[in-house]
Amino acid sequence: MTDRELMSIAKEASKNAYAPYSKFQVGAALECEDGTVFTGCNVENAALGSTICAERTACCKAVSEGHRKYTRIAIYGESKGYCMPCGSCRQFLAEFSPEMEVLCSRADGRYVSYKLSELLPHTFDY
Ligand code: THU
């Protein structure tokens, strides 16, 4: 699958976002080592701190289905700048695949790509 195809799955997933508070819809498409793709969207809550980001939704879906090794994640949000994963999502994904690729899009469809270890060097571990 191409990066663009993975990103279009993320864009589709963003349509399911539950974001009545921020009105900012995010979608993620997480590709596993065996090629399986899990999608996620942000799920907000009136208790704002209970909100779950799109990336963590996708990761929890994958882990709960027995998938722990990832190659890429595409993140789509209609932001002016590139929609980058928040710090919690970086740490969350790094738990499983610190060397995975992270594709971050913006509203016009352009995207940038990083290694997760570039975005979060020296992850917490013990
Ligand atoms: N959000 C994500 O889904 N992923 C991120 O990495 C950053 C932020 C969501 C959370 C919240 O619903 C909205 O974007 C605004 O912060």
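**Ligand site in a predicted model**

Modeller: In this predicted model, a polar side-chain atom of Glu55 lies 2.6 Å from an oxygen atom of the ligand.

Biologist: What makes that pair of Glu55 and the ligand a polar contact?

Modeller: The cut-off for a pair of N or O atoms is 3.5 Å. The Glu55 distance is 2.6 Å, so the pair counts as a polar contact.

Biologist: Which other residues have a polar atom at such a distance from an oxygen atom of the ligand?

Modeller: Glu44 has a polar side-chain atom 2.5 Å from a ligand oxygen. For Cys86 the polar atom belongs to the backbone, and the distance is 2.9 Å. Both values are within 3.5 Å, so these are polar contacts too. The ligand alone exposes 380 Å², of which the protein buries 78%.

Biologist: Why is Phe24 listed among the residues around the ligand?

Modeller: Phe24 is in that list because one of its heavy atoms lies within 4 Å of the ligand. The list also includes Ser22, Val26, Asn42, Thr51 and Pro85.

Biologist: How do you know that the ligand sits in the largest pocket?

Modeller: The test is that more than half of its atoms lie within 2 Å of the pocket's grid points. The ligand meets that test, so it is said to sit in the largest pocket. That pocket has a volume of about 150 Å³, and its lining includes Cys83, Met84 and Cys86.

Biologist: What classes of residue make up the shell around the ligand?

Modeller: Seven are nonpolar, three polar and two charged. Glu44 and Glu55 are in the shell, and Glu counts as charged, so they belong to the charged class.

Note on methods. Residues numbered from 1 in each chain as written. Predicted model: local features only at pLDDT ≥ 70, side-chain atom pairs only at ≥ 80, totals over all residues. Heavy atoms only, no water. Polar contact = N/O pair within 3.5 Å; in protein donor to acceptor, adjacent residues only side chain to side chain. Areas by Shrake-Rupley, 256 points an atom, 1.4 Å probe, with all protein chains shown as cover. 1 Å grid on protein atoms, 1.4 Å probe; cavity = no way out; pocket = protein on both sides within 12 Å on 5 of 7 lines; lining within 4 Å. Points joined across faces, edges and corners; volume = space filled by probe spheres on them.
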